[in-house]
Amino acid sequence: MRKLFEIAIRNLVRNRRRTILTGSLIAVGIIAVVVFGAVAGAFKGMMIAQFTDAVLGDLEVHRRGYVASIDNLPLTLNLSAQQVTAVERALQSIPEVEVYSPRVKLGAMFSNYLETTSIRLNGVDPEREFATVPLLPSRIKGGAQTIRKGEILIPDLLAQGMKVKVGSAVVVIATNQDGSVNALQLAVGGVLVSAAGPSGRDAYIHMDDARELLRMEELEISEIAIGVREPGRVNEVYAQLTRLLASQVDAGGKPVFEVHTWEGLSPFSSIARMIDLLAVFIKVALVAIVLISVMNVMLMAVYERIREIGTIAAMGTLPGKILAMFVIEGFSLGVFGTVVGGALGSVIVLLVRAARPTFDFARVEGLVLAPVVTAGDLLVVSGIVVLVSVLASLQPAFKASRMEPVEALRHA
Amino acid sequence: MSLIVAKDLSKTYSTGAAKVEALKQVSFEIEAASFVSFIGPSASGKTTLLNLLGGLDRPTSGSLTVAGEDVSLLDRRRGAIFRGAHLGFIFQDFNLIPVLTVYENVEYPLLLVRTTPSAERAARVAKLLESVGMGDEAGKYPDQISGGQKQRVAVARALVTEPAIVLADEPTANLDTATAAAVIGLMRQMKDRLGTTFIFSTHDPRVVNEAEVLYNLEDGRIVGRREPRGRAYAQAV
Ligand SMILES: Nc1ncnc2c1ncn2[C@@H]1O[C@H](COP(=O)(O)OP(=O)(O)OP(=O)(O)O)[C@@H](O)[C@H]1O
Ligand SMILES: [Mg+2]
């Protein structure tokens, strides 16, 4: 076996230029996959994080039907205290769940005593909200980085439009479920820089203020946002939570709750999916490159060595061993390209990382792109390339093993 | 029974509509430890006959037994096993593997055709390289040695598995007179030492008379059998 590898490698070295050419082709393909994967992955992660970590959270739980009519922020679809307890119990039993933050959401009128406009209010417990969407505090410009009772955080565009500053007195007016209209006087506690995406009218107040504004006897919750420990395991948590909550059904036998991941809620999920699709396309291109170039080289190798094949076959080398000889050669070629491409690709990604490229996304400026190549990614790409190299050399190798020694020996 | 028994052996090639009768009802027997040559003009059927003897090709009709095996029945795989077990080959163009050194070329049949333990392998290869006078060139590659040296290496490679029969199709055609004589001399020396049967084809008058038994082929038929030196000669020296 070792001798077969030695022979394969010497044959590759014998055709040095061709081997280097094909190896480089494979390497370039791998570099494209590795670098694109790392950079696009970093971009995607950042884009998702900008919205999930600043606004959404990784997952959200609502009463069934809430998300479908989320534009109205329907108070009728809030979760009762009892239902909230049920969800909390489920969340506490899932170790992957790091934090969660209940929110009261409502549509309201916002007035500076001169003008009035509509806004969306989020009543939150500041500590839990900040833990669940950790980028939120960094969006607060001016004022303290918290949400105090009696204060309101408003988006910067609204602040400009309504000509209010930190400290300005404002009033919010809302209608509760019973139809009574109530007002609450608040001070502007801070101005929010827009997160990427449609959150231009989202303001934050303290949970207790929301409860007072809506005259809730018992606290009702519109949604529970959840942060998981590892972003990569969102789907696992989703599956577990869905399973745990499925037992809760209403009188009609339908589930009480609905669970969504950020993907179901974020306006960027389609862009994220597009990036994933592009990555798949590049991988397909890589597979095609490897398949065609390795097959081509191995067919040439078999053709050039017809007499050698005849000789070793005449000496009694078994067809299977001749097959193995050529498959090992294709395998070695693939490994060569993979090692070179993987190494160069990783170096390029490290250089990109070291250069700290920045870009602006939506209205967020100066984001630093930090691409990484994980061992897992490298392993998958290498595995694919080496496997395809072996597959590509199977046909030429089979051809070699099926040669009639007499004819092969007669070959000039 | 003789080592090789051929009876009414025929081989017809058909390329499209044309049929070529390369061998026509050839019969002969070859004893173990003999030094046999088939001579004849071009296209007389020498290569065809050696290919049949080597189990590389199948006869159209007739029977052929080599080392007790009916070689007309062998498929690709069993043919390879048969050759690996009983035969060695020497080619007109030497056919050494270019990426292997002299040593590795001789080692090849022990390593990749058979699985000889490494100590025994090393001993056999060294001994054979020594006896063909190539002990000092063991580390060289085929393109670093002369034609005569290549054929010596090929002789060593053919003998390393200690086969019953070595088949050589025009082994001296690409060698100058002195080298040709030396290679044939080496083959006979090895035959005497190891008892291997050598069968070679040639139309080279310089080496014709080196054979103990000489078959004359013409147009696919054996037209004569001579013993230029005879067995007595071999025993005398
Ligand atoms: N594969 C083949 N297909 C068709 N005809 C063939 C084939 N091999 C040999 N022949 C024909 O069979 C006849 C005998 O050929 P063979 O090669 O056995 O002769 P030879 O004695 O070895 O000749 P040379 O001295 O030129 O090597 C020739 O007429 C040749 O053209
Ligand atoms: Mg011939």
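The following conversation concerns a predicted model, its ligand 1 and several residues of chains A and B.

Trainee: Which residues come nearest to ligand 1?

Mentor: The model is a predicted one. Ligand 1 has 15 residues around it, and those that come nearest are B:Ser42, B:Ala43, B:Lys46, B:Thr47 and B:Thr48.

Trainee: Why is the site described as shared between chains?

Mentor: Ligand 1 is surrounded by residues from chains A and B, so the site is shared between these chains.

Trainee: Which elements of chain B each supply at least two residues of the shell?

Mentor: Three elements of chain B do so: strand 1 (4–15), strand 2 (18–30) and helix 1 (46–53). Helix 1 of chain B gives the largest share of the shell, with three residues.

Trainee: And how do the shell residues divide into nonpolar, polar and charged?

Mentor: Five of the residues in the shell around ligand 1 are nonpolar, seven are polar and three are charged.

Trainee: What lies 2.8 Å from an oxygen atom of ligand 1?

Mentor: That is a polar side-chain atom of B:Lys46. The backbone takes part as well: a backbone N or O atom of B:Gly45 is 3.0 Å from an oxygen atom of the ligand, and a polar backbone atom of B:Ser44 is 3.2 Å from an oxygen atom of ligand 1.

Trainee: How much of the accessible area of ligand 1 does the protein cover?

Mentor: On its own, ligand 1 has 630 Å² of accessible area, and the protein covers 71% of this.

Trainee: Which pocket does ligand 1 take?

Mentor: Ligand 1 takes up the space of the largest pocket.

Trainee: Back to B:Ala43. Where does it lie in chain B?

Mentor: B:Ala43 is in the loop between strand 3 (35–39) and helix 1 of chain B. It is also among the residues that come nearest to ligand 1.

Trainee: Is B:Ala43 buried or exposed?

Mentor: B:Ala43 counts as exposed because its relative accessibility is 73%, and the cut-off for exposed is over 50%. That value takes only the protein chains as cover.

Trainee: What is the phi of B:Ala43?

Mentor: The phi of B:Ala43 is positive, at about 70°, although the residue is not a glycine. Most residues other than glycine have a negative phi.

Trainee: Let us turn to chain A. What is the phi of A:Arg215 near?

Mentor: A:Arg215, a residue other than glycine, has a positive phi near 50°. Its place is in the loop between helix 7 (207–213) and strand 9 (223–228) of chain A. A:Arg215 has a relative accessible area of 44%, so it is partly exposed.

Trainee: What about A:His62: buried or exposed?

Mentor: A:His62 counts as buried, because its relative accessibility is 0%. It lies in strand 1 (residues 59–63) of chain A.

Trainee: Which side chain does A:His62 contact?

Mentor: The side chains of A:His62 and A:Glu60 are joined by a polar contact of 3.4 Å.

Trainee: Where is A:Phe110 placed, in which strand?

Mentor: A:Phe110 is in strand 2 (residues 97–111) of chain A. With a relative accessibility of 0%, A:Phe110 counts as buried. Its C-alpha atom is separated by 32 Å from that of A:Thr85, and the two residues are 25 residues apart along the chain.

Trainee: Now helix 10 of chain A. Where does A:Ala272 lie, and what is its relative accessible area?

Mentor: A:Ala272 lies in helix 10 (residues 269–304) of chain A. Its relative accessible area is 2%, so A:Ala272 is buried.

Trainee: What of A:Leu299, buried or partly exposed?

Mentor: A:Leu299, which lies in helix 10 of chain A, is partly exposed, with a relative accessible area of 31%. The C-alpha atoms of A:Leu299 and A:Lys399 are separated by 8.8 Å, while the residues are 100 residues apart along the chain.

Trainee: How far apart in space are A:Ala272 and A:Ser168?

Mentor: From C-alpha to C-alpha, A:Ala272 and A:Ser168 are 40 Å apart in space, with their positions 104 residues apart in sequence.

Trainee: Last topic. Where does A:Leu318 lie?

Mentor: A:Leu318 lies in the loop between helix 11 (306–314) and helix 12 (319–355) of chain A. At 29% relative accessibility, A:Leu318 counts as partly exposed.

Notes
Residues are numbered from 1 along each chain as its sequence is written. Chains are lettered from A and ligands numbered from 1 in the order in which they are written. This is a predicted model: local features need pLDDT of at least 70, side-chain atom pairs count only at pLDDT 80 or more; totals for chains, interfaces and linings use all residues. Side-chain values use heavy atoms; hydrogens and water are left out. A residue is near a molecule or strand if one of its heavy atoms lies within 4 Å of it. A polar contact is a pair of N or O atoms within 3.5 Å; within protein, one must be able to donate a hydrogen and the other to accept it, and residues adjacent in sequence count only if both atoms are side-chain atoms. Accessible areas come from the Shrake-Rupley method with a 1.4 Å probe; for residues, only the protein chains shown count as cover. On a 1 Å grid over the protein atoms alone, a cavity is a set of points where a 1.4 Å probe fits but cannot get out, and a pocket is an open set with protein on both sides within 12 Å along at least five of seven lines; lining residues have an atom within 4 Å of a point. A molecule sits in a cavity or pocket if more than half of its atoms lie within 2 Å of its grid points. Helices (H or I, at least four residues) and strands (E, at least two) are DSSP runs, numbered from the N terminus. Ala, Val, Leu, Ile, Met, Phe, Trp, Tyr, Cys and Pro count as nonpolar, Asp, Glu, Lys and Arg as charged, and the others, Gly among them, as polar. Buried means under 20% relative accessible area, exposed over 50%, partly exposed in between (1.4 Å probe, protein chains only).
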